[in-house]
Amino acid sequence: MKTQRYQLRISGLKEDEGQIKMATLRRVMDALLVTAERTTRLLATGAGSGGRGARPQWLNAAIDFTITGLKPGSTIFDIEAPRLGETAYEQFAKKDLWNKQPDLDETALDLVAQSINETQTDNPIGDYFDSSVLEAILMFRQAARASGVRYEMIPQGTAHGQFKLDDISCTYVKKRLNAIPAPRSFIVSGRLDEIKHDNGRFRLLVSEKSALFGRLDASLSVEALRPLWGKQTTVEGMVHFKSNGQPRLIEARRISGRLEKDVVFEEMPSIEAQKSHDLLQGQPKQVGAFDPIELAGAWPGDEPIEDLLAQLD
């Protein structure tokens with residue numbers, strides 16, 4: 001299997017260079033694995049949180065990273081990650097449903113880097129993160145149980161997959177999390193032009209230039225979509241929004257043929273999102289000492305990785 005090599009460098013630990021407490025190491029790797037899982041799932045399905053049933057095998061394969069060595073310096077881990085073209089080909093080969101899809105030569109760690117880097121841009125769209133991904137990124141902040149720790153991912157032989165994460169950037173991540181609009185109930189009408197029968201995903205053409213992606217909630221069967229394909233359809237459900245206020249998808253709890261009165265619902269859901277200059281107004285681009293108490297009980301800490309990941313199903 002083709003893999004991509006990276007170095008994860010951790011600096012600012014209380015231990016001597018080249019040393020790390022086992023509990024800290026476990027929390028760091030938990031943060032990396034959970035962020036990778038949620039970001040990869042987000043790009044493949046439109047939602048970073050778990051879907052129906054058990055975690056798919058392709059996702060297990062995509063985050064099957066290997067630590068190949070430890071090096072002194074800061075504290076440096078050599079990591080190998082499999083390419084998505086070999087672990088998740090069916091999910092990403094066809095660009096038929098979701099707008100943002102990675103290159104097949106990329107890895108789940110490349111997607112982690114893109115999600116972290118996007119949080120640091122002005123007024124990000126939110127293609128590479130949702131609230132579940134941001135929560136996973138913030139696990140890094142608690143991992144070392146100390147302020148001033150810095151994480152750097154450095155890809156070997158490629159420009160993809162690089163990120164830097166420290167107290168300052170985590171402050172921005174937390175603000176992005178607080179600013180994502182909460183899901184809201186909408187009724188939307190349009191033509192059902194694409195269906196994924198294997199997982200209940202669909203695309204609704206609301207106008208010639210606007211498409212709303214969706215998925216059925218657990219109460220609906222995929223068979224509900226079959227007779228509506230290609231027809232004018234009305235969907236009622238919870239719309240999940242991106243960071244910029246654009247709809248990411250609608251989670252349908254009711255779907256039926258369009259009635260004449262449904263013409264009033266032929267428009268895309270919209271919501272006003274906070275802009276970066278409002279979100280970060282009065283906030284200096286640096287932070288002082290971080291008090292771990294503010295996150296006490298908020299993020300996973302001492303759970304085994306198996307238990308932690310099991311909660312995502």
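1. Contact here means heavy atoms within 4.5 Å. On that basis, among contacts in the protein chain with a separation of 6 or more, 71% link residues 24 or more positions apart. The model is predicted.

2. Overall content. The protein chain has 10 helices and 10 strands. It counts 313 residues, of which 50% are buried. Its accessible surface is about 15,200 Å². Carbon and sulfur atoms hold 48% of that surface.

3. The barrel. Which strands close into a barrel, and in what order? There are five, and the order is β6-β7-β8-β10-β9. The pairing is mixed. From one strand to the next, the twist averages 55°.

4. β7 with β8. Strand β7 covers residues 201-205, and strand β8 covers residues 211-216. They pair in the antiparallel sense, over five bridges. Leu-204 has Leu-212 in β8 as its bridge partner.

5. β8 with β10. This is a parallel pairing, over three bridges. Leu-216 has its bridge partner in β10, namely Ala-252.

6. β6 with β9. Strand β6 takes in residues 184-196 and strand β9 residues 232-241. The two run antiparallel and are joined by eight bridges. One facing pair is Ile-187 and Glu-236, the latter in β9.

7. β9 with β10. Strand β10 spans residues 247-257 and pairs with β9 in the antiparallel sense over nine bridges. Two of the positions can be checked directly. Gly-237 stands opposite Ala-252 in β10. Thr-233 has Gly-257 of β10 as its bridge partner. Ala-252 therefore deserves a look from both sides: it is the bridge partner of Leu-216 and also stands opposite Gly-237.

8. The β9-β10 turn. How many residues lie between β9 and β10 in their hairpin? Five do. Gly-245 sits in the turn, with a positive phi of about 90°.

9. Helix α5. This helix runs over residues 108-119 and has 12 residues. From first C-alpha to last it reaches 17 Å, close to the 16 Å expected at 1.5 Å a residue. Of its 12 residues, 10 are buried, so α5 is largely enclosed by the rest of the structure. The buried set includes apolar side chains and others alike by name: among them are Leu-109, Leu-111, Val-112 and Ile-116, together with Asp-110, Ser-115, Glu-118 and Thr-119. The N-terminal end is capped by Thr-107. A side-chain oxygen of Thr-107 lies 3.1 Å from the backbone nitrogen of Leu-109.

10. Helix α8. Residues 167-179 make up this helix. It has 13 residues and reaches 19 Å between its first and last C-alpha, close to the 18 Å expected at 1.5 Å a residue. The helix is mostly covered, with 10 of its 13 residues buried. Among the buried residues are Asp-167, Lys-175 and Arg-176, as well as Cys-170, Tyr-172, Val-173 and Leu-177. At the start of α8, Asp-166 places a side-chain oxygen within 3.2 Å of the backbone nitrogen of Ile-168.

11. Ser-169. Is this residue of α8 buried or exposed? Its relative accessibility is 5%, so Ser-169 counts as buried, the cut-off being under 20%. Beyond its neighbours within four places in sequence, Ser-169 is in contact with Gln-120 and Lys-164.

12. Ile-10. This residue belongs to strand β1, residues 3-11. Ile-10 has a relative accessible area of 1%, which means it is buried. How far is Ile-10 from Leu-165, in sequence and in space? The two are 155 residues apart in sequence and 9.7 Å apart in space, C-alpha to C-alpha.

Note on methods:
Residues numbered from 1 in each chain as written. Predicted model: local features only at pLDDT ≥ 70, side-chain atom pairs only at ≥ 80, totals over all residues. Heavy atoms only, no water. Pairing = 2+ DSSP bridges. Helix = DSSP H or I, 4+ residues; strand = E, 2+ residues; numbered from the N terminus. Axes fitted to C-alpha atoms, helices over the stretch in contact; angles between N-to-C directions. Buried < 20%, exposed > 50% of the residue type's maximum accessible area, 1.4 Å probe, protein only. Areas by Shrake-Rupley, 256 points an atom, 1.4 Å probe, with all protein chains shown as cover. Expected span 1.5 Å × (residues − 1). Polar contact = N/O pair within 3.5 Å; in protein donor to acceptor, adjacent residues only side chain to side chain.
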